[in-house]
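Let's take a friendly tour of a protein model, starting from one residue and working outwards. Keep the structure open beside you as you read.

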2 protein chains.
Amino acid sequence: MRPTVTFWFDLASTYSYLSAMRIEAEAETRGIAVSWKPFLLGPIFAAQGWSNSPFNLYPAKGRYMLRDMERRCAALGLPLQWPSTPLPANSIRAARLAIAALETTDKGSDLCRMIYHMQFGEGADIADADTLQEALHRVGLSDDLHQVARSPELKPLLRANTDQAQAAGIFGAPSFTIGDELFWGDDHLEAAFDWAVAKQD
Amino acid sequence: MRPTVTFWFDLASTYSYLSAMRIEAEAETRGIAVSWKPFLLGPIFAAQGWSNSPFNLYPAKGRYMLRDMERRCAALGLPLQWPSTPLPANSIRAARLAIAALETTDKGSDLCRMIYHMQFGEGADIADADTLQEALHRVGLSDDLHQVARSPELKPLLRANTDQAQAAGIFGAPSFTIGDELFWGDDHLEAAFDWAVAKQD
């Protein structure tokens, strides 16, 4: 049994873009499996009394994030083009589609990476149905996935993931869990994998 | 001229303890100078509308910090014993004393490290005058420093540092600046030094 790192992300989360693009390579190196868990930060922020992203509520934090993302994308060799629409995007539709792809196809993580790439590498608005349609096509998934995402079996899973995230003590994204052990932030991705490897021995 | 990394810290900040204990070794390795800048997070949090530390306002964040500090202290080989008094401690007196030591002696950073060690390595309350007295003695500084700290020349410097921190866009501690470039968090200490080295070339 390979140990599993659960990767919790919101498709509108800037720092989750960094992790989504590098987590599978890190997992491969360490012989660890990754479980991709899309959730929504909105309800978690709301439970903390925030009506918006902390990057909008606290301008100094927001300015820092924009600059920090520039530096980190440059260091990782990732393209960065900010969408012209306000951040964070409404990611509900993208998250439902991602869950449908993760649950019913073998291209779920490909779709998540493509959505991140189009949003932060090309500046597309992921709240726009056309963007999601294009993402599906680029990874070779069928339009039928929209229907699947809205099905009574799959639609509740986004709420369930978000509730699980909150129960796990998650307060931001990306987060990583190994059992009860929680790591927050792209810069703790390596520490999460170190933990998973140590648990394995 | 060696480039300088400015190290911004609040003596009550848990994550700043990690940086204080390792920053000079990192600086030595890279041939970089460190400028120690004590400031107060309180007024900066207040300007963001927070009446308390985010670790107290947002319990999930607070619980995470306690666990994360345990893991990181273990990884760095640093002792960790939480004070029995509520966090964060009132650090005004400690910060004034640190500024006096930094400005008028060559043991300023020794005193800062000792205050952190007593607080988070031994569980002492740094708002307690006896703790600060003991810290002075342990690093071989004179009691006269209390007077110096309250002098009209030095007393305003803590407010000035805090104003400077806010003007630099600082919203948490530890932070590191190289010119206008800001890095936040102990886990970005290396990135700050990388930046300082690159600027040097």
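Our starting point, B:H188, lies in the loop of chain B between β4 (181-184) and α10 (189-200); helices (H or I, at least four residues) and strands (E, at least two) are DSSP runs, numbered from the N terminus. This is a predicted model, in which local features need pLDDT of at least 70 and side-chain atom pairs count only at pLDDT 80 or more, while totals for chains, interfaces and linings use all residues. Residues are numbered from 1 along each chain as its sequence is written, chains are lettered from A and ligands numbered from 1 in the order in which they are written, and side-chain values use heavy atoms, leaving out hydrogens and water.

**Where the chains meet**

Is B:H188 buried or exposed? B:H188 is buried because its relative accessible area is 8%, and buried means under 20%, with exposed over 50% and partly exposed in between (1.4 Å probe, protein chains only). Leaving aside neighbours within four places in sequence, B:H188 is in contact (heavy atoms within 4.5 Å) with residues that include A:Y64, A:D68 and B:F183.

Two side-chain pairs that link the chains are listed here.

| Pair | Kind | Distance |
|---|---|---|
| B:H188 and A:R72 | polar contact | 3.4 Å |
| B:E181 and A:R71 | salt bridge | 3.0 Å, N to O |

A polar contact is a pair of N or O atoms within 3.5 Å; within protein, one must be able to donate a hydrogen and the other to accept it, and residues adjacent in sequence count only if both atoms are side-chain atoms. A salt bridge puts a side-chain nitrogen of Lys or Arg within 4 Å of a carboxyl oxygen of Asp or Glu. Between chain B and chain A there are 4 salt bridges.

On the side of chain B that touches chain A, the elements giving two or more residues are α4 (59-76) and β4 of chain B. The largest share, 7 residues, comes from α4(B).

How many residues does each chain bring to the contact? Chain B gives 19 residues and chain A gives 19 residues.

**Inside chain B**

Now for B:L136, which sits in helix α7 (residues 129-138) of chain B. B:L136 is buried, since its relative accessible area is 0%. Not counting residues up to four places away in sequence, B:L111 touches B:L136, with B:L97 and B:V139 also among its partners. By contrast, the C-alpha atoms of B:L136 and B:T85 are separated by 21 Å, and these residues are 51 residues apart along the chain.
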